[in-house]
Amino acid sequence: MPTRIRPRAACAPADNLSNPIPEEFCDHLGFVLARARLELIRGLDAVVQPSGLQARHFALVRLLLQRPGLSQAQISALLGTDRTTTMKMAADLERRSLVSRKRSATDRRANTLSLTPQGERWIAQLQPALEDEEARFLEPLSQGERALLQELLVRLVQHATTPNNPNNQHE
């Protein structure tokens with residue numbers, strides 16, 4: 001059984017319902033990570049929401065900014081989303097003229113996605129506000145702690161998604 005690590009910060013006593021991390025889950029990493037992700041995504045979604053989209057749409061557009069012409073399957077793999085979700089996000093973005101889809105020249109069964117000029121303007125408009133929101137979320141951490149958190153999370157994700165990891169359930 002893994003050793004539970006009690007964080008330095010006090011968690012909410014059982015009778016305090018206003019603290020977002022109940023004492024019962026204070027030492028459960030999965031709960032704390034899920035709650036941190038939820039709070040970050042809520043903030044990021046609030047920034048993107050006026051466009052009728054979500055932060056996950058921004059992630060897809062940002063990926064295409066750096067890697068135009070990816071297939072929907074490649075995007076699914078890189079974002080860690082299932083193909084149906086990626087297809088729906090692509091359709092949402094295409095309806096708003098932020099991306100264009102076309103048949104792959106090398107695989108006629110696959111669609112590739114590229115940003116439109118409108119998509120490039122959309123990402124350029126949102127990027128500063130999203131960076132500000134992320135900085136607000138990370139405000140309690142020093143620059144060194146932020147860098148360490150990023151490094152540790154990247155290592156955990158890389159390990160979890162390594163093909164030879166027996167716990168890896170990803171295809």
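**Group meeting: fold and one helix pair**

The protein has six helices and three strands, and if you follow the chain from its N terminus, the elements come in the order α-α-β-α-α-β-β-α-α. What you see here is a predicted model, so let me turn to confidence before anything else.

The mean pLDDT of the protein is 87, with 85% of the residues at 70 or more. Among the elements, confidence is lowest in strand 2, residues 99-103, where the mean is 90, and it is highest in helix 5, where the mean is 96.

As for the protein as a whole, 26% of its 171 residues are buried, and the exposed surface comes to about 12100 Å², of which carbon and sulfur atoms supply 55%. If we take the contacts between residues at least 6 apart in sequence, 41% of them join residues that are at least 24 apart.

I would like to spend the rest of the time on helix 5, residues 117-137, and its packing with helix 1, residues 29-48. Their axes lie 9 Å apart, at an angle of about 145°, and the crossing of helix 1 and helix 5 is right-handed.

Which residues of the two helices meet? From helix 1 they are Ala-36, Glu-39, Leu-40, Gly-43, Leu-44, Val-47 and Val-48, and from helix 5 they are Trp-122, Leu-126, Ala-129, Leu-130, Glu-133, Glu-134 and Phe-137. Sorted by class, this contact between helix 1 and helix 5 has 10 nonpolar residues, one polar residue and three charged residues; the charged residues are Glu-39 in helix 1 and Glu-133 and Glu-134 in helix 5.

Technical notes
Residues are numbered from 1 along each chain as its sequence is written. This is a predicted model: local features need pLDDT of at least 70, side-chain atom pairs count only at pLDDT 80 or more; totals for chains, interfaces and linings use all residues. Side-chain values use heavy atoms; hydrogens and water are left out. Helices (H or I, at least four residues) and strands (E, at least two) are DSSP runs, numbered from the N terminus. Buried means under 20% relative accessible area, exposed over 50%, partly exposed in between (1.4 Å probe, protein chains only). Contact means heavy atoms within 4.5 Å. Accessible areas come from the Shrake-Rupley method with a 1.4 Å probe; for residues, only the protein chains shown count as cover. Axes are lines fitted to C-alpha atoms, for helices over the stretch in contact, and angles run from 0 to 180 degrees between N-to-C directions. A crossing is left-handed if the near helix is turned anticlockwise from the far one by less than a right angle, and right-handed if clockwise. pLDDT is the predictor's confidence in each residue, from 0 to 100.
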